[in-house]
Amino acid sequence: MSRLSAEFSFEIASPCLAAWPEGESPEFAIELRGFHVNVKFLFVEYWRSKGKDDAYWTTGVSALEVEVSRDEATDPPPPIETPDGKTDLIAQGKYLRERLTEYQTTALEIANRVLRFFQYSLQTPLVQPIPLWAMALHNPTWSDSDGQVLRGGTHTVVAAPVPGLHGELGAGKLDPAELLKLQAFVNAPSEPTLADTLLSDAQTAWFQGNLRRSVLELAICAEIMVKRRFFAKASPAGAAFDYLEDKAKISVRVLDLLDAVADEAFGRSYKKEEAADYQRIDYLFRCRNKIAHRGELTFRDDSGRTINVDRSLVEGWWHAVAHLRTWLAAV
């Protein structure tokens, strides 16, 4: 049996602050799923601040060093010296790659728990969780029971996942055909609409794994787009709607507006023309209500079954809302 350790160093872009005795660094250890995890905070070196009544200097956290270790049933294979005097690390590299995912998952979970503490307990603004594609996750420093660095670990580096690489949630790429559009935009830039911003925020939340936030942003986006299309603020209908809604004398569901009301107003029903997306938006709002009322990422489908929402479902809802934006612009 051998003790195997993997050390991950995560750079922190968020303004996480610490007031700590000079020359020292915070550090703690925790056990998680059979792993021993040690977390050490590194401070920025280019600034610090201290008021006259402060006991310690205040500075920023530049990185988290997360060391994950556990006992393995087998020892890592030693490097093999080849007849030509070179070092063969293939067996050692394979041994480490086979274990990398579990160590990665544990390190990422602990690091993001630390960041959630800053965000919600210390009320730190602009906290960004460490994403699955962070390069640090794919290049840990491995060591054995004696603290010797396992050189085969350098072969565990892989191409990190890139968000949007395969066009997920409408992510595009700049190509020659898009360059003219880019130039035109730079010459005459336009501010994003509120719907554009909400759709982008929902996309960001999805890539960060925050599905509840993504669902809420999508539902708000859909509601704003639909009600603004039907009740333009500058119109008498819009003013009347705002008045009645403020007085709690009117309540119109987005789904009703997209079916019978749209048919009456525009001669087109979104439900009839885009039945599949209409169903997705229906389920989106059901899930939104579950989150709002119970904090649960679930909904009941038309048969009454409780559906647990995953990334794939939310991805479909995002596309449905994006298609709804196009449909509303055309009616």
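**Notebook: buried sites, cores and the largest pocket**

I began with Cys287, which has a relative accessible area of 0% and is therefore buried. The model I am reading is predicted. I then looked up Cys221, and it too counts as buried, because its relative accessibility is 0%. I searched for disulfides and recorded 0 in the structure. I noted for reference that a disulfide is a covalent bond between the sulfur atoms of two cysteines.

**Overall make-up**

I recorded 9 helices and 10 strands in the protein. Of its 331 residues, 36% are buried. I also looked at contacts between residues at least 6 apart in sequence, and 63% of these join residues at least 24 apart.

**Nonpolar cores**

I asked which residues have the most contacts inside the largest nonpolar core. They are Leu218, Leu258, Trp317 and Leu324, in a core of 43 residues. I traced this core to its helices: H3, H4, H6 (254–266), H8 (275–294) and H9 (311–330) each supply at least two residues. Apart from this core lies another, of 34 residues, which includes Val39, Ala107, Val114 and Val127.

I followed Leu324 further, setting aside its neighbours within four places in sequence. Leu324 is in contact with Ala222, Met225, Val226, Leu258, Tyr270 and Ile281.

**Val254**

I placed Val254 in helix H6. Its relative accessible area is 5%, so I entered Val254 as buried, the cut-off being under 20%. Not counting residues up to four places away in sequence, Val254 touches Glu223, Val226 and Phe285. I also checked Val254 against Ala219: the two are 35 residues apart along the chain, and their C-alpha atoms are separated by 9.7 Å.

**Ser5**

I located Ser5 in strand S1, which covers residues 2–11. Is Ser5 buried or exposed? It counts as buried, because its relative accessibility is 9%. With neighbours within four places in sequence left aside, I listed the contacts of Ser5 as Glu67, Val68, Ser69, Thr141, Trp142 and Ser143.

**Positive phi values**

I next looked up backbone angles, bearing in mind that most residues other than glycine have a negative phi. Arg33 is not a glycine, yet it has a positive phi of about 50°. I found Arg33 in the loop between strand S3 (27–32) and strand S4 (35–43).

Leu169, also a residue other than glycine, has a positive phi near 50°. I found Leu169 in the loop between strand S8 (141–143) and helix H2 (176–187). I entered Leu169 as buried because its relative accessible area is 0%.

**The largest pocket**

I then turned to empty space, which is revealed by rolling a probe the size of a water molecule over the atoms. The largest pocket has a volume of about 830 Å³. I counted 27 residues in its lining, and those closest to the pocket centre are Asn112, Pro129, Gln208, Gly209 and Asn210. Two or more lining residues come from each of helix H1 (90–121), helix H3 (194–207) and helix H4 (211–230).

Which element gives the most to the lining of the largest pocket? I recorded H1, with 9 residues. By class, I entered the lining of the largest pocket as 11 nonpolar, 10 polar and 6 charged residues.

How values were computed:
Residues are numbered from 1 along each chain as its sequence is written. This is a predicted model: local features need pLDDT of at least 70, side-chain atom pairs count only at pLDDT 80 or more; totals for chains, interfaces and linings use all residues. Side-chain values use heavy atoms; hydrogens and water are left out. A disulfide is a pair of cysteine sulfur atoms within 2.5 Å. Buried means under 20% relative accessible area, exposed over 50%, partly exposed in between (1.4 Å probe, protein chains only). On a 1 Å grid over the protein atoms alone, a cavity is a set of points where a 1.4 Å probe fits but cannot get out, and a pocket is an open set with protein on both sides within 12 Å along at least five of seven lines; lining residues have an atom within 4 Å of a point. Grid points are joined across faces, edges and corners, and a volume is the space filled by probe spheres set on the points. Helices (H or I, at least four residues) and strands (E, at least two) are DSSP runs, numbered from the N terminus. Ala, Val, Leu, Ile, Met, Phe, Trp, Tyr, Cys and Pro count as nonpolar, Asp, Glu, Lys and Arg as charged, and the others, Gly among them, as polar. Contact means heavy atoms within 4.5 Å. A nonpolar core is a set of buried Ala, Val, Leu, Ile, Met, Phe, Trp, Tyr and Cys residues joined through side-chain atoms within 4.5 Å.
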